[in-house]
Amino acid sequence: MARLTVNGQQHNVDVDPNTPLLWVLREQVGLTGTKYGCGIAQCGACTVHVDGVATRSCSAPVSTVEGKQITTIEGLAQNGVLHKVQKAWIEHDVPQCGYCQCGMIMAVAALLKDKPKPTDADIDAGITNICRCGTFQQVRAAIHAAASA
Ligand code: FES
Ligand code: FES
């Protein structure tokens, strides 16, 4: 049994403590915005926030996140108002197939919390998510737009 706080709500889930958070979010909690890409902490499709820190949920055993605040893409907007990263994403028409984008947005939201005005070098160092559609230029433009919003 694990006791999780996801997007401000408590969930008691009956899982092995070694189960990756990603699968608990998708299969027990029912939040499928967080995606599976590689399963080995390389692609970032599964990125969520754990106590505000971007975390690759495919490689985080659920036992390590009990008692922490977990935020998924479904919890990023507040009171029906999109996060500034989500707004910039729409304005810059960033997604193509969309598969990587929830993780990308969560990684960017965490980056901007730490570095409100990131340089291109900050972006290169901080956003290592992989997009197989090659949206990297749009991602960079939208990050700069969100940073000046
Ligand atoms: S699925 Fe987690 S980093 Fe790729
Ligand atoms: S938008 Fe298709 S993988 Fe990134």
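The following exercises, each with a worked solution, concern a predicted model of a protein.

**Exercise 1. Overall fold and dimensions**

State how many helices and strands the protein has, and decide how its radius of gyration compares with the globule rule.

*Solution.* Begin with the elements: the protein contains five helices and five strands. Their order along the sequence is β-β-α-β-β-β-α-α-α-α. Next, take the radius of gyration, which is 15 Å. For 149 residues the globule rule gives 15 Å, so the protein is as compact as a globular protein of that length. Finally, along the principal axes, the C-alpha atoms fill a box of roughly 45 × 30 × 25 Å.

**Exercise 2. Burial, contacts, surface and charge**

Find what percentage of the residues count as buried, then describe the contacts, the surface and the charged side chains.

*Solution.* First, 42% of the 149 residues count as buried. Second, consider contacts with a separation of 6 or more: residues 24 or more positions apart account for 55% of them. Third, the accessible surface amounts to about 7,600 Å², and carbon and sulfur atoms hold 50% of that surface. Fourth, there are 12 positive and 12 negative side chains, and the centres of these two sets are 4 Å apart.

**Exercise 3. Helix α1 and its cover**

Identify the buried residues of α1 and the strands that help to cover them.

*Solution.* Helix α1 spans residues 21-29. Its buried residues are Leu21, Leu22, Val24, Leu25 and Val29. A general property of helices helps in reading such a list: an α-helix has 3.6 residues a turn, so residues three or four places apart point the same way. The cover over the buried residues of α1 includes β1 (2-6), β2 (9-13), β3 and β5. Just after the helix, Gly30 has a positive phi of about 85°.

**Exercise 4. Two buried loop residues**

Determine whether Thr34 and Val62 are buried or exposed, and list what each one touches.

*Solution.* Start with Thr34, which is in the loop between α1 and β3 (47-50). Its relative accessibility is 2%. Buried means under 20%, so Thr34 counts as buried. Leaving aside residues up to four places away in sequence, Thr34 touches Leu22, Leu25, Arg26, Ala45, Cys46, Val48, Ser57, Thr72, Ile73 and Glu74. Among these, Leu22 and Leu25 are buried residues of α1.

Turn to Val62, in the loop between β4 (53-56) and β5. With a relative accessibility of 0%, Val62 is buried. Under the same exclusion of sequence neighbours up to four places away, Val62 touches Ala2, Leu4, Val15, Asp16, Pro17, Thr19, Leu21 and Val24. Two of these, Leu21 and Val24, are buried residues of α1. Val62 and Thr5 are 57 residues apart in sequence, and their C-alpha atoms are 11 Å apart.

**Exercise 5. An aromatic pair**

Count the aromatic pairs, and classify the arrangement of the rings of Trp23 and Tyr36.

*Solution.* The count comes to one aromatic pair. The ring centres of Trp23 and Tyr36 are 5.3 Å apart, and the ring planes stand at 40°. Planes under 30 degrees apart count as stacked and those over 60 as edge-to-face; the pair is therefore tilted. To place the pair, note that Trp23 is in helix α1 and Tyr36 in the loop between α1 and β3, so the pair ties together parts 13 residues apart in sequence. Trp23 is partly exposed at 28% relative accessibility, and Tyr36 is partly exposed with a relative accessible area of 36%.

**Exercise 6. Positive phi and an exposed loop**

Describe the phi values and accessibility of Ala41 and Asn79, and then the setting of Asp93.

*Solution.* Recall first that most residues other than glycine have a negative phi. Ala41 has a positive phi near 65°. Ala41 lies in the loop between α1 and β3, and its relative accessible area of 29% makes it partly exposed. Asn79 also has a positive phi, near 50°. Asn79 is placed in the loop between β5 (69-71) and α2 (84-91), and at 77% relative accessibility it is exposed.

Asp93 is in the loop between α2 and α3 (101-114). At 60% relative accessibility, Asp93 counts as exposed. Asp93 and Ile130 are 37 residues apart along the chain, and 18 Å separates their C-alpha atoms.

Note on methods: Residues numbered from 1 in each chain as written. Chains lettered and ligands numbered in written order. Predicted model: local features only at pLDDT ≥ 70, side-chain atom pairs only at ≥ 80, totals over all residues. Heavy atoms only, no water. Helix = DSSP H or I, 4+ residues; strand = E, 2+ residues; numbered from the N terminus. Buried < 20%, exposed > 50% of the residue type's maximum accessible area, 1.4 Å probe, protein only. Contact = heavy atoms within 4.5 Å. Rg over C-alpha atoms; globule rule 2.2 N^0.38 Å. Areas by Shrake-Rupley, 256 points an atom, 1.4 Å probe, with all protein chains shown as cover. Lys, Arg positive; Asp, Glu negative; His and termini not counted. Charge placed at Lys NZ, Arg CZ, Asp CG, Glu CD. Phe/Tyr/Trp six-rings, centres within 6.5 Å; stacked < 30°, edge-to-face > 60°.
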